Amino acid sequence: MRRVFGAKKDKEPPPSLNDASDRINKRGETVDEKIKRLDGELAKYKEQIKKTRPGPAQEAVKARAMRVLKQKRMYEGQRDMLYNQTFNLDQVAFASEGIKDAQQTMSALKSANKELKGMMKTVKIQDIDNLQDEMMDMMDISNEIQESLGRSYSVPDDIDEDDLLGELDALEADMGQETEGEGVPSYLQPDNEPDLNEELNLPSAPSGHAVPAGRVDNQAVDEFGFPAVPNASLRN
């Protein structure tokens, strides 16, 4: 049967906006090339008109130039029409892309809305409040446990805090008296007791130099630096 009647041909898919726009742009490029070629011919005819004298020859050149000029105007009209078609296709393509973006946005919003509804079913405000209350109770219990464990077993309960404060003030007063000597405690201050050597009126220790026999500090000394022994008078 297919050999007799032939098989049904599949319909070709309609051209897309990009295909139509590309085709029109190619036609516009072809028209631009024709216009450039006609401009070149018109330039030649203008030169010929300038060089020829007025007469039948010049009129013939003008007639050919007029024909070329008409063709140029026709191609320019076609080019403007193609440009308008391209502009319309670009506007339609822009609107189509905007609608596609809107569709994708709506699809994404619907999907997100569905997910949010599913999640909101599992999360309830009352459950969150109850959880917060339980956490606060647990923190209070934990603080009470820490305070209980931190109590000292060696401190009796019958100690008067006023007595402790009085002892602390007395201790601070004693420390203040000790630090009056230029901020140095008494146990660090130099001893004020009189020097034993001064009381005994002993001479100072000899230095490394030999001291000649004579007087030191108005006191007679021998050759070794010791106080000289007075010579006892001998009685006959």
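What covers the buried residues of α3? In this predicted model, the cover over the buried residues of α3 includes α2, and the account below follows these two helices through their nonpolar core and their salt bridges.

**Helix α3 and the core**

The buried residues of α3 are Gln58, Val61, Ala65, Val68, Lys72, Tyr75, Leu82, Thr86 and Leu89. The helix has 67 residues, which at 1.5 Å a residue should span 99 Å, and the 100 Å between its end C-alpha atoms agrees with that expectation.

The largest nonpolar core has 12 residues in all, among them Ile24, Val31, Ile35, Leu38, Leu42 and Tyr45, together with Val61, Ala65, Val68, Tyr75, Leu82 and Leu89. Both α2 (17-51) and α3 (56-122) supply at least two residues of this core. One member, alanine 65, is in contact with Leu42 and Tyr45 when its neighbours within four places in sequence are left aside.

**Salt bridges**

Over the whole structure, a search finds four salt bridges, and the table sets out three of these pairs with their nitrogen-to-oxygen distances.

| Pair | N to O distance |
|---|---|
| Arginine 79 and aspartate 32 | 3.5 Å |
| Glutamate 41 and arginine 37 | 3.4 Å |
| Glutamate 76 and lysine 72 | 4.0 Å |

The salt bridge between arginine 79 and aspartate 32 links distant parts of the chain, since arginine 79 belongs to helix α3 and aspartate 32 to helix α2, with their positions 47 residues apart. Arginine 79 has a relative accessible area of 22% and is therefore partly exposed, the buried class being reserved for values under 20%.

Glutamate 41 and arginine 37, by contrast in setting, are four residues apart in helix α2, which means that about one helical turn separates them. An α-helix has 3.6 residues a turn, so residues three or four places apart point the same way. Glutamate 41 counts as partly exposed at 27% relative accessibility, and arginine 37 is likewise partly exposed, with a relative accessible area of 46%.

Glutamate 76 and lysine 72 are also four residues apart, about one turn of the helix, but both lie in helix α3. Salt bridges that share partners join these two residues with Asp39 into one network. Lysine 72 counts as buried because its relative accessibility is 18%, and this residue accordingly appears among the buried residues of α3 beside nonpolar ones such as Val68 and Tyr75.

Technical notes: Residues are numbered from 1 along each chain as its sequence is written. This is a predicted model: local features need pLDDT of at least 70, side-chain atom pairs count only at pLDDT 80 or more; totals for chains, interfaces and linings use all residues. Side-chain values use heavy atoms; hydrogens and water are left out. A nonpolar core is a set of buried Ala, Val, Leu, Ile, Met, Phe, Trp, Tyr and Cys residues joined through side-chain atoms within 4.5 Å. Buried means under 20% relative accessible area, exposed over 50%, partly exposed in between (1.4 Å probe, protein chains only). Contact means heavy atoms within 4.5 Å. A salt bridge is a side-chain nitrogen of Lys or Arg within 4 Å of a carboxyl oxygen of Asp or Glu. The expected span of a helix is 1.5 Å times one less than its number of residues.
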